[in-house]
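I opened this model to look up a helix crossing, a pocket, an aromatic pair and some backbone angles. My entries follow in the order in which I looked.

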Amino acid sequence: MADTFDFIIVGKGMMGAAAARHLARSGAKIALIGPDEPEDWASHGGVFSSHYDNGRITRTIDPDPVWALLAQRSIERYAEIAAESGVAFYSEAGCLIAAPLPGGAEHTLDHVIAARNRLGVEAPFVSERDLEGQFPWFRFPAGYGGVFEPRNAGHINPRALVKAQVILAEKAGVTVVRSEVSAVARVGSAVNVRTVDGAIFRGGRAIISAGGFSISGPLLARPLDLTVKARTVLFAEVGEADLQRFAAMPSLIGSALEQDESYYLLPPILYPDGKHYIKIGGDPSDVHIGSEPEVRAWFRGEANRSAADHMAALLSRVMPSFVPASLKWSPCVTTFTRHGYPYIGFADTDRIAVLTGGNGTAAKSSDEIGRLGASLLLNGVLDASEYDSDFAVCFR
């Protein structure tokens, strides 16, 4: 006999866990199904998640109004989630966006300043002359300026945020099944969800929130128009003697006219191995992953050494006084949708829905994305009239 629920969420990542928390407020019977992080990536044969990390940049300012509102609404709830779960996941370190000065061929700061003004966010412009004095950890090329957002910006710990969301979902009565889903199928007016250990769960509706693994055929019979890209991230260990001088360092987004020279980096963050790392991203490679087995293989592998070397060079230029105690790099994946916003909608039935597609910018906004997914499941339609997007699901 299958366990029966009103709603089933497939995928215990950032969006799925958030959806479970929001949906639990309805009083419905809910199952959240997804495995915990494996202890050994290299030997793990199952699925992975890109939230297996301790650092992601968060900020309100975004030139795109849809992403800005998704971020703003999520950030507004950070304190509530942390207080109610007892799990700290947010550090208000601030975020600096540095780029060539306005008025030139590179328009990042023009767009950021326009977005800041539209949003009414406190984020002063930093002139070229003042950059070094205010941010002594960094060195930028001549002709650079910045915009610094000191409040409601910094970084979050994705692992801890998912933990907090799951704790609150369980407190509200959600059944959490820590197992991998092997198949999802509509059966009459219901949805059957099978796990790799043979258990079957039946729901009135189900939503697939499996990140890069959403391209799996057994999960969705109709393939999504979802591009999955292999990414490499670099971690530079900060020695104990250096921690104090980096204590006030903010998150940084560095933009350049040449896309390969753009990057993001985070201040020293404590990781599970007991060490602090400055994380830098900006993988210039464009490697597409075409199948679900390839996603698993990428996570089990050693990532891209040449991309890691490229990012190490970027780090040495922007932080020339920093000598890492060690360097390591890890695989990650990023999912891109056709329209650049998350897919939040039904697949080829009114019973199986989709909640996926972070487009490289969704971690900070995952709580609001999850809320929208919960609304879709509960009401059968998505009410997102305040957004300049319908988040429509696109298929190949």
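**Helix crossing.** I worked from a predicted model, and I began with helix H3 (residues 78–85) and helix H6 (residues 158–171), whose axes come within 9 Å and cross at roughly 65°. I noted the crossing of H3 and H6 as left-handed. On the H3 side I listed Ile-81, Glu-84 and Ser-85 as making the contact, and on the H6 side Leu-161, Ala-164, Gln-165, Ile-167, Leu-168 and Lys-171. Sorted by class, the residues of this contact of H3 with H6 come to 5 nonpolar, 2 polar and 2 charged.

**Second largest pocket.** I next turned to the second largest pocket and took down a volume of about 470 Å³. Its lining is made up of 24 residues, and those closest to the centre are Trp-41, Arg-159, Phe-235, Lys-328 and Ser-330. I then asked which elements give two or more residues to this lining, and I found strand S13 (226–238) and strand S19 (327–337). The most comes from S19, which gives 5 residues to the lining of the second largest pocket. By class I recorded the lining of that pocket as 11 nonpolar, 3 polar and 10 charged residues.

**Aromatic pairs.** The count I obtained was 19 aromatic pairs. I looked up the rings of Phe-48 and Phe-299, whose centres are 5.0 Å apart and whose planes stand at 10°, so I entered this pair as stacked. Phe-48 sits in the loop between strand S2 (30–33) and strand S3 (56–58), while Phe-299 belongs to helix H8 (residues 292–300), so that I had a pair linking distant parts of the chain, 251 residues apart.

**Backbone angles.** Last, I checked phi, keeping in mind that most residues other than glycine have a negative phi. Ala-303 is not a glycine, yet I read a positive phi of about 65° for it, and I placed Ala-303 in the loop between H8 and helix H9 (305–318). Where does Asn-359 lie? I found Asn-359 in the loop between strand S21 (352–356) and helix H10 (366–379), and for Asn-359, again not a glycine, I noted a positive phi of about 55°.

Key
Residues numbered from 1 in each chain as written. Predicted model: local features only at pLDDT ≥ 70, side-chain atom pairs only at ≥ 80, totals over all residues. Heavy atoms only, no water. Axes fitted to C-alpha atoms, helices over the stretch in contact; angles between N-to-C directions. Helix = DSSP H or I, 4+ residues; strand = E, 2+ residues; numbered from the N terminus. Left-handed = near helix turned anticlockwise from the far one by under 90°. Contact = heavy atoms within 4.5 Å. Nonpolar A, V, L, I, M, F, W, Y, C, P; charged D, E, K, R; others polar. 1 Å grid on protein atoms, 1.4 Å probe; cavity = no way out; pocket = protein on both sides within 12 Å on 5 of 7 lines; lining within 4 Å. Points joined across faces, edges and corners; volume = space filled by probe spheres on them. Phe/Tyr/Trp six-rings, centres within 6.5 Å; stacked < 30°, edge-to-face > 60°.
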